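The following exercises concern charge pairing, burial and backbone geometry in a single protein chain. Each task is followed by a solution that goes step by step.

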Amino acid sequence: METLAVTNVFDPIQIRDVEIPNRVWMSPMCTYTAAPQPELAGRPNDFHYAHYTTRAAGGVGLVLVEATGVVPEGRISPYDLGLWNDDQAAGFARLTRGIRDNGAVPGIQLAHAGRKASVDRPWKGGELIAEDSQADGGENHGWQPVGPSALAFPGLAVPHELTREEIAGVVAAFADAARRADTAGFDVVEIHAAHGYLLHSFLSPVANRRTDGYGGTLENRARIVLETIDAVRDVWPANKPVFMRVSTTDWVEENPGDTRESWTLSQTVQLAKWAAEHGVDLIDASSGGLDVVPIPRDQDYQTRNAAVVRSETGVLTAAVGRVDSAQLAEELVTSGKADAVFLGRPLLRNPSWANDAALELGTKPRFIEQYAYTL
């Protein structure tokens with residue numbers, strides 16, 4: 001009889017009533033491949049189906065679909081996915097079935113790009129698409145970005161400062177998108193509060209100079225995030241988990257000579273505690289994206305912050321960033337530094353990274369039958 005090694009990264013994990021077959025997960029990564037035409041905007045297509053179901057077949061336990069705009073102006077680019085109408089939800093249903101049929105749990109990241117919106121695809125330079133621009137057959141694809149304050153991300157447009165009524169509309173849009181995600185068959189929903197996008201920009205004093213109830217103190221800056229969690233939880237099934245992606249630091253505090261007040265790891269720890277009280281089940285710990293500042297690129301530049309969040313809050317935490325070997329993924333989970341790992345670039349290079357890692361660690365991979373019999 002075959003003897004399998006004892007390993008934790010390939011053990012299942014149950015969060016609420018959803019069992020995820022292992023702790024190697026696909027990180028949400030924008031592909032900028034949705035059609036920009038208004039009648040097709042935001043809908044997944046054959047590329048998305050092939051992209052995500054291939055990684056599911058490759059052995060990951062959870063496929064977290066890329067940042068999906070909760071409103072049209074919440075997209076990073078005109079080529080992003082969206083869930084602001086029911087027709088889009090119907091298009092996602094095929095995708096969730098494909099992910100599940102290939103052995104993984106389907107999840108989706110809900111997002112609002114805020115002041116970093118209305119830009120072109122990265123391979124086209126990622127530059128601002130102005131409101132009056134004409135592209136793709138004469139369609140006008142630029143729009144006015146929004147933010148907590150009229151402070152531009154470097155190189156982009158000055159955003160419209162959201163009113164309190166408009167903030168309430170954003171919160172409601174996250175809830176509406178979560179309801180549609182459930183209808184489409186997703187089992188996990190993640191709230192994107194990282195990388196300089198709208199919710200993160202409210203959290204950070206670098207972008208938030210408000211003097212009302214959504215600015216100033218940490219409690220006020222976190223208000224929109226907690227309201228969004230509450231609104232999502234109100235419509236999302238109680239037996240399904242809610243994740244939240246955060247930037248654990250803006251990397252401003254770590255830069256000598258930069259004296260600006262910013263978003264820091266200690267504030268992240270407090271936010272994670274509040275988020276758990278409001279119904280978040282797991283913190284997806286990334287970093288940066290709020291401003292253009294130097295970021296260290298050592299092996300554990302992000303995972304060490306995830307370990308702090310995990311140890312100081314007791315909240316389930318996933319690590320992401322330079323997790324590029326089976327041994328490192330195993331060490332992070334076995335040591336208790338993280339409960340799971342999100343992979344990005346390694347899965348772009350090798351869709352079967354998870355199955356290969358399982359073999360390397362001496363445990364059984366989750367090959368589907370059509371592949372396994374050939375080995």
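The model is predicted.

**Exercise 1. A buried carboxylate**

Locate Glu190 and determine which side chain of opposite charge is nearest to it.

Solution.
Step 1. Glu190 belongs to strand β9, which spans residues 188-193.
Step 2. Glu190 is buried, and the nearest side chain of opposite charge is that of Arg245, 4.1 Å away.
Step 3. A salt bridge requires a side-chain nitrogen of Lys or Arg within 4 Å of a carboxyl oxygen. Glu190 has no salt bridge.
Step 4. The side chain of Glu190 does make a polar contact, at 2.8 Å, with the side chain of Gln109.

**Exercise 2. The partner of Arg245**

Identify the strands that hold Asp284 and Arg245, and state whether these residues are buried or exposed.

Solution.
Step 1. Asp284 and Arg245 form a salt bridge through their side chains, with an N to O distance of 2.7 Å.
Step 2. Asp284 is in strand β11 and Arg245 in strand β10 (residues 242-247), so the salt bridge ties together parts that lie 39 residues apart in sequence.
Step 3. Both Asp284 and Arg245 are buried.

**Exercise 3. Salt bridges between distant parts of the chain**

How many salt bridges does a search of the whole structure find? Analyse the pairs Arg43 with Asp87 and Asp187 with Arg100.

Solution.
Step 1. The search of the whole structure yields 19 salt bridges.
Step 2. In one of the two pairs, the side chains of Arg43 and Asp87 meet at 3.7 Å, N to O. This pair links distant parts of the chain, 44 residues apart: Arg43 is in the loop between β3 (24-26) and α1 (46-57), and Asp87 is in helix α2 (residues 86-101).
Step 3. Arg43 has a relative accessibility of 29% and therefore counts as partly exposed. Asp87 is likewise partly exposed, its relative accessible area being 48%.
Step 4. For the pair of Asp187 and Arg100, the closest N and O atoms are 3.0 Å apart. Asp187 is in the loop between α3 (164-184) and β9, while Arg100 is in helix α2, so this salt bridge ties together parts 87 residues apart in sequence.
Step 5. Asp187 is buried at a relative accessible area of 17%, whereas Arg100, at 36% relative accessibility, is partly exposed.

**Exercise 4. Positive charge on the surface**

Which residues gather in a patch of positive charge on the surface?

Solution.
Step 1. The patch consists of Arg297, Arg322, Arg345 and Arg349.
Step 2. Arg297 is located in the loop between β11 (282-286) and α8 (303-313).
Step 3. The relative accessibility of Arg297 is 54%. Since exposed means over 50%, Arg297 counts as exposed.

**Exercise 5. Polar contacts of Gln302**

Where is Gln302 found, and what does its side chain contact?

Solution.
Step 1. Gln302 is found in the loop between β11 and α8.
Step 2. With a relative accessible area of 6%, Gln302 is buried.
Step 3. The side chains of Gln302 and Ser287 are joined by a polar contact of 2.8 Å.
Step 4. A polar atom of the Gln302 side chain also lies 2.9 Å from the backbone oxygen of Val320.

**Exercise 6. Positive phi outside glycine**

Assign a place and a burial class to Tyr32 and Trp251, and give the phi of each.

Solution.
Step 1. As a reference, most residues other than glycine have a negative phi.
Step 2. Tyr32 has a positive phi, near 50°. Tyr32 lies in the loop between β3 and α1 and is buried, with a relative accessible area of 13%.
Step 3. Trp251 has a positive phi of about 70°. Trp251 is in the loop between β10 and α7 (265-277) and is buried at 4% relative accessibility.

**Exercise 7. Sequence separation and distance in space**

State the C-alpha separations of Ala113 from Leu64 and of His48 from Ala34.

Solution.
Step 1. Ala113 lies in the loop between β6 (105-111) and β7 (146-147) and is buried, at 1% relative accessibility.
Step 2. Ala113 and Leu64 are 49 residues apart in sequence, and their C-alpha atoms are 18 Å apart.
Step 3. His48 lies in helix α1 and is buried, with a relative accessible area of 0%.
Step 4. His48 and Ala34 are 14 residues apart along the chain, with 8.4 Å between their C-alpha atoms.

Terms used
Residues are numbered from 1 along each chain as its sequence is written. This is a predicted model: local features need pLDDT of at least 70, side-chain atom pairs count only at pLDDT 80 or more; totals for chains, interfaces and linings use all residues. Side-chain values use heavy atoms; hydrogens and water are left out. Patches are made of residues with over 30% relative accessible area and no salt bridge: like charges are joined within 9 Å, nonpolar side chains (Val, Leu, Ile, Met, Phe, Trp, Tyr) within 5 Å. Accessible areas come from the Shrake-Rupley method with a 1.4 Å probe; for residues, only the protein chains shown count as cover. Lys and Arg count as positive and Asp and Glu as negative; His and the chain ends are not counted. The place of a charge is taken as NZ of Lys, CZ of Arg, CG of Asp or CD of Glu. Helices (H or I, at least four residues) and strands (E, at least two) are DSSP runs, numbered from the N terminus. Buried means under 20% relative accessible area, exposed over 50%, partly exposed in between (1.4 Å probe, protein chains only). A polar contact is a pair of N or O atoms within 3.5 Å; within protein, one must be able to donate a hydrogen and the other to accept it, and residues adjacent in sequence count only if both atoms are side-chain atoms.
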